[in-house]
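Subject: Handover of a structure for your study

Dear colleague,

Please find below the structure that I am handing over to you. I ask that you keep it open while you read the notes that follow it.

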Amino acid sequence: WQRHSPKMCQAVVVEVKTGAVLAMAMLPSFNPNVYSGMCGKPPTRARHIDTVCAPVQWAFEPGSSFKTITIAAALDAGVVTERSTFYCKGVEMVGGRPLHCADGRAHGKLDLTGVLVHSCNISASKISRKLGAERLISALRKFMFGQPTRVGFPGEAACPLPDPEKMTVRDVANAAFGQG
């Protein structure tokens, strides 16, 4: 928190087997006694962050943790195996624009574990492109993405999934590592 000075930081701890929320925290803190009727609208100058419970009421891009979902979907679809490898040069042209690994490094040859260990955007994007938009979105629906969790908090947000027929190759690549 102090090192990067973010405007907000949040964490949700979930029991994997049941989906039960074990703990939820947010800085700056959420004040449930302040009613605003916002229901998930981001704050403006007239609205303050203490009027929402952002982990529940706002939809966020999941980021690199999403690579596990991409790999699971590709394994399930049979487009990769535990022995599949991918080569990362640190940057690759996708959809006419450069795609970079977040750390700026070329990771070289990686297996699926290496993709996760190095959080390799290039390799994850290659995996999702092998999967394709239709199978990717289908897998996300099976994982219950795009739907509220129904954990019982008011104003819970769900981010709609894109139409796979309208996704570009770049959209599919970015989705692999939880963006877009």
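**The loop between helix 3 and helix 4**

Ser119 is found in the loop that joins helix 3 to helix 4. Please bear in mind throughout that the model is a predicted one. The phi of Ser119 is near 50°, a positive value in a residue that is not glycine. This deserves a remark, for most residues other than glycine have a negative phi. Is Ser119 buried, partly exposed or exposed? Its relative accessible area is 27%, so Ser119 counts as partly exposed, because the partly exposed class runs between 20% and 50%.

A second residue may be read alongside it. Met144 has a positive phi of about 75°, although it is not a glycine. Met144 belongs to the loop between helix 5 and helix 6, and with a relative accessible area of 47% it is partly exposed.

**The chain as a whole**

The protein chain contains 6 helices and 6 strands. Followed along the sequence, they give the pattern β-β-α-α-β-β-β-β-α-α-α-α. The chain has 180 residues, of which 32% count as buried. Among its contacts between residues at least 6 apart in sequence, 56% join residues at least 24 apart.

**Helix 4 and Ser128**

Helix 4 covers residues 121–131 and is mostly covered, with 8 of its 11 residues buried. The buried residues are Asn121, Ile122, Ser123, Ala124, Ser125, Ile127, Ser128 and Leu131. Just after helix 4 comes Gly132, which takes a positive phi of about 85°.

Ser128 is a useful residue to examine in helix 4. Its relative accessibility is 0%, and therefore Ser128 counts as buried. Which atom does the side chain of Ser128 reach at 3.0 Å? The partner is the backbone oxygen of Ser125. With residues up to four places away in sequence set aside, Ser128 touches Thr70, Val172, Ala173 and Ala176.

**Helix 2 and its surroundings**

Thr70, one of the residues that Ser128 touches, is itself buried in helix 2, as are Lys67, Ile69, Ile71, Ala73 and Ala74. Against which helices do the buried residues of helix 2 pack? They pack against helix 3, helix 4, helix 5 and helix 6. Helix 2 is followed by Gly78, and the phi of Gly78 is positive, near 80°.

**The largest nonpolar core**

The largest nonpolar core has 31 residues, and Val80 and Ile127 are those with the most contacts inside it. At least two residues of this core come from each of helix 2, strand 3 (85–88), helix 3 (112–117), helix 4, helix 5 and helix 6 (169–175). Helix 5 gives the most to this core, namely 5 residues.

Val80 and Ile127 also touch each other. Apart from residues up to four places away in sequence, the other residues that Val80 touches are Ala74, Leu75, Phe86, Leu112 and Lys130.

**His107**

His107 lies in the loop between strand 5 (97–100) and strand 6 (108–111). Its relative accessible area is 14%, so His107 is buried, because the cut-off for a buried residue is under 20%. The side chain of His107 makes a polar contact, at 3.0 Å, with the side chain of Asp103. Once its neighbours within four places in sequence are left aside, His107 is in contact with Cys88, Cys101, His118 and Cys120.

**The largest pocket**

How much space lies in the largest pocket? The value is about 1500 Å³. The pocket is lined by 42 residues, and Phe60, Pro62, Phe145, Gln147 and Thr149 are the closest to its centre. By class, the lining has 29 nonpolar, 10 polar and 3 charged residues.

Several elements take part in this lining. Strand 1 (9–14), strand 2 (21–27), helix 1 (54–57), helix 2 (67–77) and helix 5 (133–142) each supply at least two of its residues. Strand 1 gives the most, with 4 residues.

Yours sincerely,

A colleague

Technical notes: Residues numbered from 1 in each chain as written. Predicted model: local features only at pLDDT ≥ 70, side-chain atom pairs only at ≥ 80, totals over all residues. Heavy atoms only, no water. Buried < 20%, exposed > 50% of the residue type's maximum accessible area, 1.4 Å probe, protein only. Polar contact = N/O pair within 3.5 Å; in protein donor to acceptor, adjacent residues only side chain to side chain. Contact = heavy atoms within 4.5 Å. 1 Å grid on protein atoms, 1.4 Å probe; cavity = no way out; pocket = protein on both sides within 12 Å on 5 of 7 lines; lining within 4 Å. Points joined across faces, edges and corners; volume = space filled by probe spheres on them. Nonpolar A, V, L, I, M, F, W, Y, C, P; charged D, E, K, R; others polar. Core = buried A, V, L, I, M, F, W, Y, C linked by side-chain atoms within 4.5 Å.
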